[in-house]
Amino acid sequence: MAGSHVYYTDGATSTVNRMSGGKSVVIARGPQPGDVAGLDVTKDSRSFAYTTTDYATGAATLTIATKGKPDVVADLSGYEQRVNPDGWQTYGIIRNESADPQCARDALAQLSGLPATYKGIKESHPYAVAVLGDGAWAVADAGGNSILRVDRMGSVSTLAVLPRQPLTLTPAMVAAVGAPACVAGVTYAFEPVPTDVEVDKDGMLWVSTLPGGPEGPGLGKRGSVYKVNPWKHTSTRVATGFAGATNLAVGDYGGVFVTELFGGRVSKL
């Protein structure tokens with residue numbers, strides 16, 4: 001919300017909308033087929049920025065729209081292809097104490113559609129945007145497992161790569177998700193998948209994440225919230241146990257509120 005207006009995205013129609021006095025108008029459009037996901041607006045309402053993903057080409061962008069100026073479009077997917085911020089991070093099997101290690105490797109590769117152990121892949125799917133100030137914006141890239149910074153000119157850099165999320169698979173977990181029994185005993189590092197980013201009064205970033213794998217009772221509630229220091233490029237997990245942490249908000253007095261898609265609730269830290 002900015003002033004008397006409410007701004008929102010509609011992923012189904014790939015649009016950015018502004019509502020005032022009960023009436024809504026489309027103020028920007030994204031690609032079709034594609035989506036518009038993240039959106040934020042400066043306090044003076046002079047600028048807003050939104051993310052798009054083009055399903056046909058895989059292109060992902062952040063568009064900065066400012067009154068009286070041409071739009072600035074940042075190439076997020078191009079940055080991911082060039083830099084791949086999490087390309088150094090290892091995912092998949094990081095410890096294999098299965099009774100049949102080869103069976104476990106084969107099964108997990110088949111289930112994930114990826115190698116049993118792999119480095120961060122080149123994929124971009126931005127989900128959320130937050131105003132950083134001085135014309136810059138933070139972007140939560142769910143595909144890239146990173147928080148990016150885009151300046152007023154559209155230049156992209158990395159603020160933080162979120163930590164991987166390891167889980168040791170027990171026989172009960174394996175049975176609950178219907179995986180082969182040989183997978184029990186494996187420690188699997190899931191990707192973090194950031195879904196939202198917000199900025200607190202001190203300039204610190206708060207990020208919600210999905211667990212990067214199956215969600216449900218079988219593997220437990222594994223969504224998390226991280227606090228990111230944008231100057232030191234570090235992140236610290238401050239809470240976990242969320243069932244589908246898809247959005248968060250930071251209150252003026254320090255409270256952090258988290259929506260849980262699969263929990264059907266809003267939790268407060």
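1. The second largest pocket of this predicted model is lined by 27 residues, and those that lie nearest its centre are Ser112, Phe190, Gly212, Gly213 and Pro214. Its volume is about 620 Å³. Three elements, namely α2, α3 (171–177) and β15, each supply at least two residues of this lining. By character, the lining residues of the second largest pocket divide into 18 nonpolar, seven polar and two charged.

2. Helix α2, which contributes to that lining, runs over residues 101–112 and so has 12 residues by the DSSP assignment. From its first C-alpha to its last, α2 reaches 16 Å, which is close to the 16 Å expected at 1.5 Å a residue. Three residues of α2 are buried, these being Ala104, Ala107 and Leu108. Because the three cover an arc of only 95 degrees around the axis, they are placed on the same side of α2. The partners against which the buried residues of α2 pack are β8 (90–96) and β15 (186–190). After the helix comes glycine 113, which has a positive phi, near 75 degrees.

3. The largest pocket holds about 1,000 Å³ of space, and its lining is made up of 37 residues. Nearest to the centre of the largest pocket lie Asp40, Ala130, Val131, Glu198 and Val199. Two or more lining residues are given by each of β1 (6–10), β4 (34–41), β10 (126–133), β16 (194–199) and β20 (245–250). Of the elements concerned, β10 provides the largest share of the lining, with seven residues. When the lining residues of the largest pocket are sorted by character, 19 are nonpolar, nine are polar and nine are charged.

4. Helix α1 (76–83) deserves a separate look. The buried residues in α1 are Leu76, Ser77, Gly78, Tyr79 and Glu80. These buried residues of α1 pack against a set of strands made up of β6 (60–66), β7 (72–75), β10, β11 (136–141), β12 (146–150) and β13 (156–161). Strand β10 is thus named here as a packing partner of α1, and β10 is also the element that gives seven residues to the lining of the largest pocket.

5. The residue just after α1 is asparagine 84, which takes a positive phi of about 45 degrees, although asparagine 84 is not a glycine. Asparagine 84 belongs to the loop between α1 and β8. Is asparagine 84 buried or exposed? With a relative accessibility of 12%, asparagine 84 counts as buried, because the cut-off for that class is under 20%.

6. A second residue that is not a glycine but has a positive phi is valine 193, where the angle is about 55 degrees. Valine 193 is found in the loop between β15 and β16. The relative accessibility of valine 193 is 17%, so this residue counts as buried.

7. The backbone also holds a cis peptide bond, which joins glutamine 32 to proline 33 and has an omega near 0 degrees. Proline 33 sits in the loop between β3 (23–29) and β4, and β4 is one of the elements that give two or more residues to the lining of the largest pocket.

8. Glycine 22 lies in the loop between β2 (15–20) and β3. In contrast to a buried residue, glycine 22 is exposed, because its relative accessible area of 66% is over the 50% cut-off. Glycine 22 and valine 6 are 16 residues apart along the chain, and their C-alpha atoms are separated by 9.8 Å.

9. Arginine 18 has its place in strand β2. What does arginine 18 touch, when residues up to four places away in sequence are not counted? The residues touched by arginine 18 are His5, Val6, Tyr7, Lys23, Ser24, Val25 and Ile27. At 29% relative accessibility, arginine 18 counts as partly exposed, since that class covers what falls between under 20% and over 50%. The C-alpha atoms of arginine 18 and isoleucine 94 are separated by 46 Å, and the two residues are 76 places apart along the chain.

Definitions and conventions:
Residues are numbered from 1 along each chain as its sequence is written. This is a predicted model: local features need pLDDT of at least 70, side-chain atom pairs count only at pLDDT 80 or more; totals for chains, interfaces and linings use all residues. Side-chain values use heavy atoms; hydrogens and water are left out. Helices (H or I, at least four residues) and strands (E, at least two) are DSSP runs, numbered from the N terminus. The expected span of a helix is 1.5 Å times one less than its number of residues. Buried means under 20% relative accessible area, exposed over 50%, partly exposed in between (1.4 Å probe, protein chains only). The arc is that of the directions from the helix axis to the C-beta atoms. Contact means heavy atoms within 4.5 Å. On a 1 Å grid over the protein atoms alone, a cavity is a set of points where a 1.4 Å probe fits but cannot get out, and a pocket is an open set with protein on both sides within 12 Å along at least five of seven lines; lining residues have an atom within 4 Å of a point. Grid points are joined across faces, edges and corners, and a volume is the space filled by probe spheres set on the points. Ala, Val, Leu, Ile, Met, Phe, Trp, Tyr, Cys and Pro count as nonpolar, Asp, Glu, Lys and Arg as charged, and the others, Gly among them, as polar.
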